[in-house]
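User: I have this model open at the bench and would like to understand the words used to describe it. Could you take me through the reasoning behind them?

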Amino acid sequence: MFSGNFTQIAFGEVLRLLHAASQTGELRISDDHAMSASVYLKGGHIVHVEADTETGLDALSVICQHVNAAFSFEVGTLSAQENLAGVPTKKVIESVTTRVTEINTLRQFAPGPHDLILYKPGKSLDHLDTTPEDLSLLLTADGKRSAEKIAHLNGKSFDQIVQALAKFNQAGIIDIQKNATPPLPDEPMPTPEVADPSAPLPDSPQTTAVRYWRGKKIE
């Protein structure tokens with residue numbers, strides 16, 4: 001069985017090999033149970049793709065994002081559907097290879113979840129291939145919030161925003177202050193002790209009055 005990991009051989013190269021060998025079967029892909037996908041080939045041609053709830057080209061895009069996924073190829077397994085039968089396999093492979101290369105390049109600019117993100121005003125945003133939703137992340141990038149905190153404030157997970165932040169970093173839109181560990185929580189201020197009003201007061205030291213008679217001290 002042909003199997004491995006996309007860290008050893010890239011997704012696009014796996015498809016290229018199966019296409020060149022005119023293979024028929026199912027390429028099964030999984031990423032620590034976070035994603036499950038299948039690519040079906042018939043005579044080396046990609047005829048059907050599904051990944052989680054996505055199908056076709058959208059499913060391929062999902063698979064490309066999981067650059068650490070494991071794969072195995074089951075020879076002879078056919079799909080009941082064919083959503084990519086009309087798309088040239090060579091063009092699909094070229095698109096996959098380009099997309100995976102882009103993602104791997106972006107990973108070099110990606111922050112860690114605890115890194116602090118600072119937006120640098122004045123930089124042009126017109127040339128960026130991004131969405132208004134991604135741009136809204138910059139509103140909370142004040143240099144004091146971590147990437148994970150920014151994701152939380154925008155109702156997303158860190159994994160959902162990391163590519164957008166990588167694009168911003170590559171374009172010089174943000175500064176990233178590396179921080180491998182989360183900041184320690186602020187130490188609570190010590191609570192001052194309050195005296196119990198019902199407690200008895202401490203005894204005052206006893207003093208003995210000194211008496212004198214005609215200039216002499218009386219014991």
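Analyst: Happily! Keep in mind that this is a predicted model. A good place to begin is the open sheet of three strands, which has the order β8-β7-β9 and antiparallel pairing.

User: What makes β8 and β9 stand at the edges of that sheet?

Analyst: Count their partners. β8 (142-146) and β9 (174-177) each have a single partner strand, so one side of each is left without a neighbour in the sheet. Neighbouring strands here are turned by 25° against each other on average, with direction ignored.

User: How do you know that β7 and β8 pair?

Analyst: Pairing needs at least two bridges between two strands. Strand β7 (residues 116-119) and β8 are joined by two bridges, in the antiparallel sense, so they meet that requirement. To find the place on your screen, look for L116, which stands opposite S146 in β8.

User: Which strands does β2 pair with?

Analyst: Strand β2 (residues 25-30) pairs with strand β3 (residues 36-42) over six bridges, in the antiparallel sense. Six bridges also join β2 to strand β6 (residues 70-75), and these two run antiparallel as well. Against the cut-off of at least two bridges, both count as pairs. You can check each one with a residue pair: G25 has L41 as its bridge partner in β3, while L27 stands opposite F73 in β6.

User: Now the helices. Why is α3 called roughly perpendicular to α6?

Analyst: The axes of helix α3 (residues 89-107) and helix α6 (residues 158-170) cross at roughly 75° and come within 9 Å. Angles of 65 to 115 degrees count as roughly perpendicular, and the crossing angle of roughly 75° therefore earns α3 and α6 that name.

User: Which residues meet there, and of what kinds are they?

Analyst: From α3 come R99, I103, T105 and L106, which meet Q163, A166, K167 and Q170 in α6. The residues of this contact divide into three nonpolar, three polar and two charged.

User: One last point: what makes the buried residues of α2 line one face of the helix?

Analyst: In helix α2 (residues 56-64), G56, A59, L60, I63 and C64 are buried, a word that here requires under 20% relative accessible area. Seen down the axis of α2, these buried residues fall within an arc of 145°, so they line one face.

User: And what covers the buried residues of α2?

Analyst: The cover includes α1 (11-20) and α3, together with the strands β2, β3, β4 (45-51) and β5 (54-55).

Note on methods: Residues are numbered from 1 along each chain as its sequence is written. This is a predicted model: local features need pLDDT of at least 70, side-chain atom pairs count only at pLDDT 80 or more; totals for chains, interfaces and linings use all residues. Side-chain values use heavy atoms; hydrogens and water are left out. Axes are lines fitted to C-alpha atoms, for helices over the stretch in contact, and angles run from 0 to 180 degrees between N-to-C directions. Helices (H or I, at least four residues) and strands (E, at least two) are DSSP runs, numbered from the N terminus. Angles under 35 degrees count as roughly parallel, over 145 as roughly antiparallel, 65 to 115 as roughly perpendicular and the rest as oblique. Contact means heavy atoms within 4.5 Å. Ala, Val, Leu, Ile, Met, Phe, Trp, Tyr, Cys and Pro count as nonpolar, Asp, Glu, Lys and Arg as charged, and the others, Gly among them, as polar. Buried means under 20% relative accessible area, exposed over 50%, partly exposed in between (1.4 Å probe, protein chains only). The arc is that of the directions from the helix axis to the C-beta atoms.
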